[in-house]
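Reader: I have the file open and would like to go through a few packing details with you. Could we start once the model is on screen?

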Amino acid sequence: MIKEKIKDLENLTKYLTPKDVEIISNAISFSQNAHHNQLRQSGEPFIIHPIEVAKILTTIKLDSSAIAAGLLHDTIEDTNISLKDITNNFGDQISELVQGLTKISKFSLKINKQKLGENYRKLILASTKDLRVILIKLADRLHNMRTISFIKDEGKKINISMETLEIFAPIAQRLGMKEWQDELEDLSFQSINTDARKSIIDRLSYLNAKDENIIDEIRYELKKNFLSEDINCKIDGRIKSAYSIWNKIKNKNISFEQLSDIMAFRVITNSTRECYKCLGIIHRKYQYIPGRFKDFISSPKSNGYRALHTTVMGPKNKKIEIQFRSNVMNQIADYGVAAHWKYKDPKKIKEKDTKEYKWMHELVDLMNLSLNQDELIENSKINVFNDEIYVFTPKGDLIELPTNATPIDFAYAIHTQVGDKCVGVKINEKLQPLKTILKNGDQIEIITSEESQPSPLWERFAVTSKVKSQIRRFFRSKKRDEYIIFGKEILNSFFNKENYDLNESTLIKIKNEYNLSDIDDLYEMIGEGRVTALAVIKKVYPEFNYKNSKKFEIQSKNPIRLKGLTAGMSYHLAGCCSPIKGDTIVGIVTAGIGVAVHTIDCETLSSYSDHPERWLNISWDSSSQNPILSNSRIGVVLKNQPGSLGKVTTVIAKNNGNISNINFTIRKTDFFEIIIDIEVRDANHLKNIIAALRLVAEVSTLERIKG
C-alpha cells in the first residue's frame with residue numbers, strides 16, 4: 001500500500017524539475033525511516049498521512065520545498081528527529097517551513113476560550129513570514145478531517161471539527177481556496193451535527209427525485225442562449241452544500257422552503273468581456289431578482305476573487321444563482337493565493353499594501369491592540385471578513401468596508417480622530433442617521449465637532465471589530481479615573497477598618513508584590529472589581545486572618561457570573577430582552593437597584609444614550625467549568641398534523657435542549673401556534689436548536705421571543 005501511495009505522489013509531481021523530484025524522493029525516504037513502526041488510529045502506517053498531505057499540496061502545484069515540508073511536518077513532534085537533522089539534510093528553507101509547522105502544533109488550536117485567540121495569533125504570525133506554512137497546515141488538517149471517522153472518542157472528534165470550522169475553514173475562505181473550504185466545512189458539519197446534515201441531504205434528495213434532471217435541463221437551456229449569440233463557454237451546475245444551506249437557515253432565520261437559490265451555476269468564459277456579455281444575455285432573457293447582483297470584477301474581493309454574481313428566475317421557472325468568471329478568474333476562485341504561485345522564490349509576505357495579504361497584517365495589528373482575552377478572541381476570528389462594499393469620500397477616494405457597515409465604520413476607517421469627533425453624516429449629500437447601513441457607491445461626508453465624543457450606542461451598529469475595539473477603549477480610558485478614585489476609597493476604607501496603616505512604605509510594598517510601576521493601576525483594578533481589598537491585604541500581610549470575609553463576596557441570587565462588575569454590585573437580567581449567555585451584553589447602572597443587564601440590540605438602551613456614565617462594559621464569565629442553563633423562549637407555528645409536536649420535541653431533545661414549558665396560544669384546523677420555554681447553555685446552543693427546528697417540514701415559522 002505504501003509503494004502505491006508513493007507511486008501516486010511521484011505521478012503528481014511531474015510538473016516539477018528532476019532536481020525538485022529528487023528532493024521530494026529524499027523527503028519520502030527520510031520521513032518513512034523517521035515514522036518506522038508508527039501507526040495512525042485507522043491502523044494504517046503513519047507515513048501514509050504525510051504522503052497524503054503532500055498529494056493534496058500537489059493539487060495546488062506547490063513547489064518542492066513546501067511538498068518536502070509536508071512530508072516532514074510531523075517528524076520533529078512525533079519522532080526523535082531534531083530540527084538540526086532537517087537542516088543538515090534539506091537546508092534552511094525546508095527547515096524553516098517545518099519549524100513553523102511544529103510551532104503551530106505545539107500551540108494546538110483547541111477550542112478553548114482561554115487559548116483560542118493567542119494560538120490563532122501564532123498561526124497568523126507564522127503565516128505572515130511564509131504563506132506556505134499555512135497552506136501545508138491546511139492540507140494537514142484536510143487529510144485529518146478525511147480520516148476523522150477513525151477517532152473513537154466522540155468528544156475529541158467534535159472538538160477537532162469545531163476547531164476546523166472556527167479556524168481552518170475560514171482561513172481557506174480568506175485565502176480564496178474555495179474547494180478546500182467546502183470540503184473542510186462539510187466534513188466538520190458531518191461530525192458536529194450528523195442529524196441536521198442528514199435531514200438536509202434527505203430533503204435535497206427528495207427534491208432531486210421529483211425533478212431528477214433539473215440541473216442538466218437548466219444547463220442545456222443556458223448553453224443554448226449563449227450559443228445563439230456565438231459564445232462558447234463552459235457551464236457547471238450544482239446543488240449547494242449541506243453546510244451552506246444549514247448556515248442560511250441558521251443565520252438568516254428562514255425555513256428550508258424559503259431558501260430561494262439552492263441551485264448555483266457557474267459560467268466560465270474566455271475573457272472578461274464575455275463575462276459581461278453573458279450577464280447581459282441572461283438579464284435580457286430572464287427576470288432579475290433585485291438586490292442580488294454583485295460585480296466583483298470591477299471591485300474584487302480582498303482575497304483576489306473576481307466574478308459577476310446574479311440571481312434570476314431562470315429556466316423551468318426556478319430561482320437560480322449564476323456566477324460569471326473567465327478561465328483565469330475561475331482558477332483564482334478555486335485555489336486563491338495558490339493560483340498565482342511563484343515557484344522560484346519563497347512566497348514571503350512583505351508588502352503591507354499588497355491587496356491579497358493586507359488583511360493578514362491588519363489582523364495581526366488588531367489582535368495586538370486587544371486589551372483582554374475576550375477581545376483578543378473576538379478580534380481574532382476570521383468571520384469579521386464579510387463581503388465588501390465600496391463607498392467614496394467627498395474627494396472621490398474609494399474606501400472598502402464590510403457589508404452592513406455604517407457611517408461610524410466609515411469615519412474610523414478615515415481616521416480615529418474623525419470617528420471620535422463624529423456628530424453626523426451626509427450620505428449622497430443628504431443628512432442621514434449614523435446607524436444607516438451603507439450601500440455600494442454611496443458618497444459619505446462625516447460631520448465632526450471638537451466638543452463631541454463617541455456614544456456607547458455606536459457599538460450596537462458598528463460592524464468592524466477594529467471600530468468596536470476603539471469605542472470600548474475610549475470608554476475604558478474615560479472610566480479609568482473613576483475606577484482609580486473608587487478603588488482608592490475601597491482600599492483605604494478596608495485597611496482602616498482592619499487597623500492597618502496604608503502609608504507610603506506599605507504602598508511601595510504593594511507595588512512590588514503586584515509588580516506595578518504605578519499604584520493607580522492597582523486602584524483601577526480594585527475599582528473595576530478585578531482585585532479585592534481583601535486580596536491586597538493578604539498579599540502584603542500573609543498572616544492576616546479575616547474570618548468574616550464572606551460578606552465581601554458578591555451577593556446575588558443569580559448564579560450566572562459576569563466580568564466587569566465591581567465587587568459587591570448586584571445585578572439582574574433585564575426582562576425586556578432576556579439576555580442569555582453568548583448574547584453581547586451591556587450593563588446599565590440604576591441607583592438603588594444595581595445593574596440591569598441588556599442585550600446590546602435592546603431597544604430600551606436608546607433611552608440611556610445621553611447618559612454614557614451609566615453604561616458598564618460587561619461580559620459573560622466563561623471560566624466556570626459547570627455551564628449554567630438559562631431559560632429562553634421561542635414561538636413556533638406548526639402544521640396541525642399527527643406527530644408534528646412530537647417531531648419538534650424530539651429535535652429539541654436531540655440537540656440537548658430541555659423543555660421547561662409549552663403553551664398553546666392559537667389552535668386552528670390547519671395549524672397551531674405554541675410558545676416553548678427551553679433551557680439552553682448559551683446563545684449559540686439556542687441558534688443550533690432553532691436551525692434544527694427549521695429543517696422540520698411541519699414547522700411553518702419560528703422565532704426567538706425576547707421579553
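Author: What follows is a short conversation about a sheet, some aromatic rings and a pair of helices. Please keep in mind that this is a predicted model.

Reader: Fine, sheet first: what is the strand order in the open sheet of 4 strands?

Author: The order is E13-E15-E14-E16, and the pairing in this open sheet is mixed. Strand E13 (571-573) and strand E16 (615-616) each have a single partner strand and stand at the edges, so one side of each is left without a neighbour in the sheet.

Reader: And in which sense do E13 and E15 pair?

Author: E13 runs in the parallel sense with strand E15, which covers residues 594-599, and the two are joined over 3 bridges. Within this pairing, Leu-573 stands opposite Val-597 in E15.

Reader: Changing topic, how many aromatic pairs are there?

Author: The count comes to 7 aromatic pairs. One of them is formed by Phe-30 and Phe-90, which meet edge-to-face, with 5.4 Å from centre to centre and 85 degrees between the planes.

Reader: Where do those two sit in the chain?

Author: Phe-30 belongs to helix H2 (residues 18-34) and Phe-90 to helix H6 (residues 83-90), so that this pair links distant parts of the chain, 60 residues apart.

Reader: Are Phe-30 and Phe-90 buried or exposed?

Author: Phe-30 is buried, with a relative accessible area of 16%, and Phe-90 also counts as buried, at 15% relative accessibility.

Reader: Why is the pair of Phe-664 and Phe-672 called tilted?

Author: Their ring centres are 5.5 Å apart and their planes stand at 45 degrees, so the pair is tilted. Phe-664 counts as partly exposed at 31% relative accessibility, whereas Phe-672 counts as buried at 9%.

Reader: Any charges sitting over rings?

Author: The charged end of Lys-61 sits over the ring of Tyr-15, 5.4 Å from its centre, and Lys-539 lies over the face of Tyr-514, at 5.2 Å from the ring centre.

Reader: Last one: how do helices H11 and H14 pack?

Author: Helix H11 (residues 178-192) and helix H14 (residues 242-251) pack at an angle of about 70 degrees, with their axes 8 Å apart, and the two are therefore roughly perpendicular to each other.

Reader: Which residues make the contact?

Author: H11 contributes Glu-185, Asp-186 and Phe-189, while H14 contributes Ala-242, Tyr-243 and Trp-246. Phe-189, Tyr-243 and Trp-246 also form one aromatic cluster.

How values were computed. Residues are numbered from 1 along each chain as its sequence is written. This is a predicted model: local features need pLDDT of at least 70, side-chain atom pairs count only at pLDDT 80 or more; totals for chains, interfaces and linings use all residues. Side-chain values use heavy atoms; hydrogens and water are left out. Two strands pair if DSSP finds at least two bridges between them. Rings of Phe, Tyr and Trp (its six-membered ring) pair if their centres lie within 6.5 Å; planes under 30 degrees apart count as stacked, over 60 as edge-to-face and the rest as tilted. Buried means under 20% relative accessible area, exposed over 50%, partly exposed in between (1.4 Å probe, protein chains only). A charge sits over a ring if NZ of Lys or CZ of Arg is within 6 Å of the ring centre and within 35 degrees of the ring normal. Axes are lines fitted to C-alpha atoms, for helices over the stretch in contact, and angles run from 0 to 180 degrees between N-to-C directions. Angles under 35 degrees count as roughly parallel, over 145 as roughly antiparallel, 65 to 115 as roughly perpendicular and the rest as oblique. Contact means heavy atoms within 4.5 Å.
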